[in-house]
Amino acid sequence: MSSQRQASSAAQIPHLSPAELSYLYTSLSLPNSPIRPDGRSPTQFRPLSAETNILPGTNGSARIGFADGTQAIVGVKAEVEKTVLVSDTLDVQHEAQGTGNGEGGEGSSSAVTGGHGSWVQMSIEIPGFRDDDALPVFLSEMMRESLVGSVGVKDKSGEENMAGGLKGRLVINKRWHWRLYIDVLLLSQPLSYPLPLLSLTTHLALLSTKLPKLKSKGEEDPFFDDDWAVAEYIYPRVLGVSNTLQVRPPVTLLVISVGENVIFDPTREEIAVADAVLAISVTRDNEAGSLQPLKLLSIRTIDPPSRLTQPGIPNSENVNMLGAPAPNENVAVLNPATGEEEVPGVWRPRRGGVKRSVIAGMVKTVLKKGGVGEEVLAGLEGVEVS
Amino acid sequence: MKSLRRDVSSNPQAANVTSKVFVRSTKSGKVQKIVRELYLRQDIPCSSKLCSLCPSIAPADANGNIAPFVLSDRPAGTKAFPRGHYLVPDTNALLNGMDLFEHTGAFYDVIILQTVLEELRNQSLPLYNRLLSLIKTDEKRFYLFFNEFRLETHVRRGPEESINDRNDRAVRIVASWYSEHLKASSQKSKKEKSIPAIVVITDDKDSLRKAKEENVSALSLSDYVSGLEDSAKLLDMISEAREARDAKGSVRGQMFYPEYYSMSKIQTGLRAANLHQGVYNVSPYNYLEGSVNVPAFDKPLLILGRDNSNRAIAGDIVVIEVLPQDQWKSPSTKIVDEEAVTRNDNPDTEETEAVVTDRERKALQEEVKKAHGKHSEGKPQPTAKVVGVIKRNWRQYVGHVDSGSTGSQVASGRRQQTVFVLPMDKKVPKIRVRTRQAADLLGHRILVTIDAWDRDSRYPSGHFIRSLGELETKGAETEALLLEYDVQYKPFPKSVLDCLPSEGHDWKVPVSKEDKGWNGRRDLRDLLICSIDPPGCQDIDDALHARLLPNGNFEVGVHIADVSHFVKPHNPMDLEASVRGSTVYLVDKRIDMLPHLLGTDLCSLKPYVERYAFSVLWEVTPNAEIVSSDFTKSVIRSREAFSYEQAQLRIDDASQKDELTESMRNLLKFSKILRQKRYDAGALNLASPEVRIEADADEVGDPLADVKTKASLATNSLVEEFMLLANITVASKIFQSFSQTALLRRHATPPPQNFEDLINQLSKKRNMELDVSSSGALASSLDKCVDPKNPFFNTLVRILATRCMTSAEYFCAGAHAESEFRHYGLASPIYTHFTSPIRRYADLLVHRQLASAIGYEGEDGHAGLEGVATRSKLDDICRNINYRHRNAQFAGRASIEYYVGQALKARGEKMAAGGTDQGVDEEGYVMRVFENGAVVFVPRFGIEGVVRLEDFVLPGEAGAWSVTQRRELAPHRTTDFDPEEYTLRVEEKGHPEKERGVFVELFQKVKVNVSSVKEEGRGAGKRRVRVLITGSSDE
């Protein structure tokens, strides 16, 4: 039961007293200028160290360490696989697959550009969890979905880059494709919800992933250049406007709302008092060269752990305090975010529910020009991918 | 967001650890990124005897010895490098000039880089092997320097640097490191020694330029060679491929041949079974017709014409594509000889060449006509074209310079010119060779190699390697033969001779039975054993005995020389024997598989002395039913060594009543029963056109008297039967013990379609039937193919039937299902070779397996089965011995053929003293009929002769015998060829009268005139055996 709870909730709940929770919540929910325990601004990330290509045997790899000591390693391996077609009605079948798969190769849904989502396989290992526990399964599906859901772009000349997104990139020809194995390894205990760490590391690893250069043409059996130095990045290095890469793997960010405030890169304690926890996947989606900000791929709500915390008891209900003069401030107020009646200073577990405007605010902060999303992508780009 | 990157460069260990990354595509289609870590070291010596630093740092073996240094302290100098020099060749230099590096006149003190060696291996495995053997020999002083592992000379590939540039840079870095290293060491030793120059040999212009910038002395191969003495000769040995490469950039005339498909297209096609892969064979009668046997079809696919054969040379593994049905043709019914058709080609002019000359086109047109015949033989057959070459099987070819191609320039001395070399092997096209020594090479047997065959060249280009000597001298022709059949004929190296017993000829079976040599051996010295062999046989493999047992049964023993006692696995002698595979018998020479001492003395079961043997003993009933069999290592003493005739005489001599003779009589009796049983089981009695040559001829007599057809005595088959029995018994024993690795021999059942033509011919011409449903049926139907008027006819049919079959092969038991083990010819379910270990390596292996199967532990008690126990290794050995076995047979036959030719020539010369050479009149049999000639078999000499149009002597024709005279006859003749009746009528144009023509048909007995003639009109020519049909001898 406890592992079940652990798995489904955002993280283990830190052992904080209702009073501490209440204090934290109050300071984070201060209108417009929340005060975070570590003094960061709401959109500021903790420092992290990152490097790529740490595993020579993989096609691409990365390591990221957060300041709180959590670390993750991601390795990407690619394998050539035969595309299994059921019958001779090859084209029809494939077409159906390509379009039927929805998010994938629509728009340019010729059989060749469509790939299949199952070609990307992701496994996450988190210490203390079995690989069929809910958390790793949920996390990997969440990240995989945004990966295979991302679509490609057209550059100025109208030529397609990454047509069909990652899935499309994996197609070699009608009969052959690459299969990607993304192995994510969390090296430390999951102190906070590990999603952002794992997502960033995966992003970096994919960015450094190369596939051997194809020498054969068309529908021939694939035949590759044996020189690794000429291998090609899976996400091509096409520089767009303002020297940023045009095509990027998606990134999933964890955002919480406390009161009306939107807070990025939350610590474990901050998550414990969050009203809502969202996992927002974004990717860069440029069309026709104009630097369109970012594209939202998915939003998932994550069960906030705060509902499982012990509630504080207002003096008015405290048997020990019976008869004591009721102070003024003990009057119930309405929480602006949830619309619930609350007694200030007394912790009351969140019952879920968040205003639409708050959600909109969260998405906007991520996507807007010069917003957090861009900042994160730029930061990751700064990691020298060699 | 900030990010940090760990700095690797601060790691002090980082400098000597590096890695090599590449992509590997496996056969199963996997594509892997491979990372190999490299640990760089500083103790790899420069191996120069001049160096005073390296001896102290070079790694030592367990005994504290360092490997001896290779490079001389006094290297040879040239004009450009008077103080001596070491050479550092790059890969291309070796590719283009391997023959130069092997030359004994120059190219000493060469530093071969690991980088170069590996690159060479990727580009050409044969050259790689040759380089390895060069490095192994001491006298040429080649040093393999592991530059990739030495810290100072390791080169990391730069960004966007091509792998070639990187390797070239590695070569230059090694060169500069060597010169600095030697300088440093000479300064340290304070001795005033002259430091040799380090000379890079490269043909890459870019590399030459960079070397100049980096102050490394570098020369192109030809520049370097020009500075040597005898440069004219050496320059010829530079490969032609280089010039072809150089010219690639410039447009050089039209492309004659279509381009090959890309590798990936070929792979896809092969997997999808649109394309097929197989070995390219060329018809011996028509050089424009090839065939490729592919697993997908029962019959080989035809490849007609140069366009379709697309630069494939006999033996290449090619990829072919089937042509559309409207291009299917029937196989040729014409003899087309390259020499005759393309006689007038000029090797120098490329521009006017067309791939298919008009003459060739005409020759092909004739064939298309034939395709419209109704008969099965005339039916068009699927044809194909070559679209790619998987593996070139080019080797060195023996040939001679086509005197016609040298033109009038012969006298012009040392000027370089292009000539054609005609290979001895008719299936190989002529090779264009550039040489400065054309005048000297005329009339010589020479060795050349093919370097390249580009799309824009009609003939392959190659280069001259060496001359074997004048045409028709015994030495040159014998060597040519050995080279042509890839027979190892060099004397045994010292390392092999070191493996011989130190006692030499004095070696004896130990007297004391306590000696370890007696371990596990049975004492069979008191048995009355004798050997029966051809006269003059020195390497006696086998001996026999038979004796009556108290229970009325007989004990029969076959004793085989115990070669495995002397040849231990994995020593140099064993390796050499496994490479040679078999002893090769030529008419006047024997190329041994094992050193003389073993083959003719220590192993040979000579009479009157004790010898180690491996014995197979049976208990048989008086009716030759086998009761039991037993195998043992033994010691025997042969009582007598008979020749077949001697044994026959002794058996037939009723007055001889001694035990030995009685035992031989018993053996003979048993052998007859065994033989009958074998035939009852369906064994074939096959014939091959064999003649024997007894070379001990005196000078005075008729040289042809030495040529004898093989006589068969009852004693021949006596020995043969028991050897077969021993082989079969041993085969089942080793298969029992080693179900996966037993070395066996099989003769696959030939597919019935192989016999189609022969069946057709027999039913048409003789109304006879050939039942090929089983070997037994074939044997009995062959017995019925008799022509009472023509006793040889049966043999002829047997010869033809043998050619329809596949050849027997060695294999290891795991390679085939048990039902496939069958030996078709012998009608035995299992078979191996056990009885001739002195002359066949397979038998030696079988001895080891049998020894292990019976638990023989050897002298020291632990005779392992190493080397015979792994499948893959055995497969390799089988492949080699099959190849060697075949080549040994070919070489033997070719040797006889050559000898017959020489005997005819000698006779001709003798006759010529008294008049003109009239040749020898003999009987011949028509084996094949073509539209413009026939193939005639002459049993007396065991030769097949192609009879061309001009070689038919028409009735009433004046005797004009010389080649030139006869050649002029050809254009005046016409033929009437009926492919369905296999008949050919030759007559003079405008004289259709019956009496003036010659009519030949298949299987006909004809009178022929055999002589050895010089190919006149083309200068110093070859000789060939000419067969003239002088008339039918049926009447």
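In the predicted model, helix α10 (residues 263-271) of chain B lies across strands β8 (275-282), β11 and β12 of chain B. The helix runs at about 100 degrees to β8(B). These three strands belong to an open sheet of 5 strands in chain B, with the order β10-β9-β8-β11-β12 and antiparallel pairing. Strands β10 (301-304) and β12 (384-391) of chain B each have a single partner strand, so one side of each is left without a neighbour in the sheet. On average, and with direction ignored, neighbouring strands of this sheet are turned by 40 degrees against each other. Strands of a sheet pair through backbone hydrogen bonds, either parallel or antiparallel. In the case of β11 (residues 317-322) and β12 of chain B, the sense is antiparallel and the pairing extends over 6 bridges. Within this pairing, Ile317(B) has Lys391(B) of β12(B) as its bridge partner.

The sheet also contributes to the nonpolar interior. The largest nonpolar core has 234 residues, and Ile320(B) is one of the five that touch the most other members, together with Val88(B), Leu744(B), Val936(B) and Ile1029(B). Helix α28 (residues 871-914) of chain B supplies the largest share of this core, 12 residues. When neighbours within four places in sequence are left aside, the contacts of Ile320(B) include Leu275(B), His276(B) and Gly278(B), as well as Leu301(B), Ile303(B), Ala384(B) and Val386(B). Apart from the largest core lies another, of 82 residues, which includes Phe45(A), Ile64(A), Leu135(A) and Leu198(A).

A second pairing in chain B has the parallel sense. Strand β19 (residues 529-533) of chain B is joined by 5 bridges to strand β25 (residues 626-643) of chain B, and the two run parallel. Ser638(B) in β25(B) is the bridge partner of Ile529(B). Because 5 of the 5 residues of β19(B) are buried, this strand is largely enclosed by the rest of the structure. Ile529(B), Ser531(B) and Asp533(B) point one way from the strand, whereas Cys530(B) and Ile532(B) point the other way. Residues on both sides of β19(B) are buried.

The contact between the chains takes 30 residues from chain A and 25 residues from chain B. On the side of chain A that touches chain B, the elements giving two or more residues are β1 (48-52), β3 (71-82) and α9 (372-381) of chain A. Of these, β1(A) gives the most, with 4 residues. By class, this side of chain A has 14 nonpolar, 6 polar and 10 charged residues.

Key:
Residues are numbered from 1 along each chain as its sequence is written. Chains are lettered from A and ligands numbered from 1 in the order in which they are written. This is a predicted model: local features need pLDDT of at least 70, side-chain atom pairs count only at pLDDT 80 or more; totals for chains, interfaces and linings use all residues. Two strands pair if DSSP finds at least two bridges between them. Axes are lines fitted to C-alpha atoms, for helices over the stretch in contact, and angles run from 0 to 180 degrees between N-to-C directions. Two residues are in contact if their C-beta atoms, placed from the backbone, lie within 7 Å. Ala, Val, Leu, Ile, Met, Phe, Trp, Tyr, Cys and Pro count as nonpolar, Asp, Glu, Lys and Arg as charged, and the others, Gly among them, as polar. A nonpolar core is a set of buried Ala, Val, Leu, Ile, Met, Phe, Trp, Tyr and Cys residues joined through C-beta atoms within 7 Å. A residue is buried if 20 or more other C-beta atoms lie within 10 Å of its own, exposed if 12 or fewer, and partly exposed in between; C-beta atoms are placed from the backbone.
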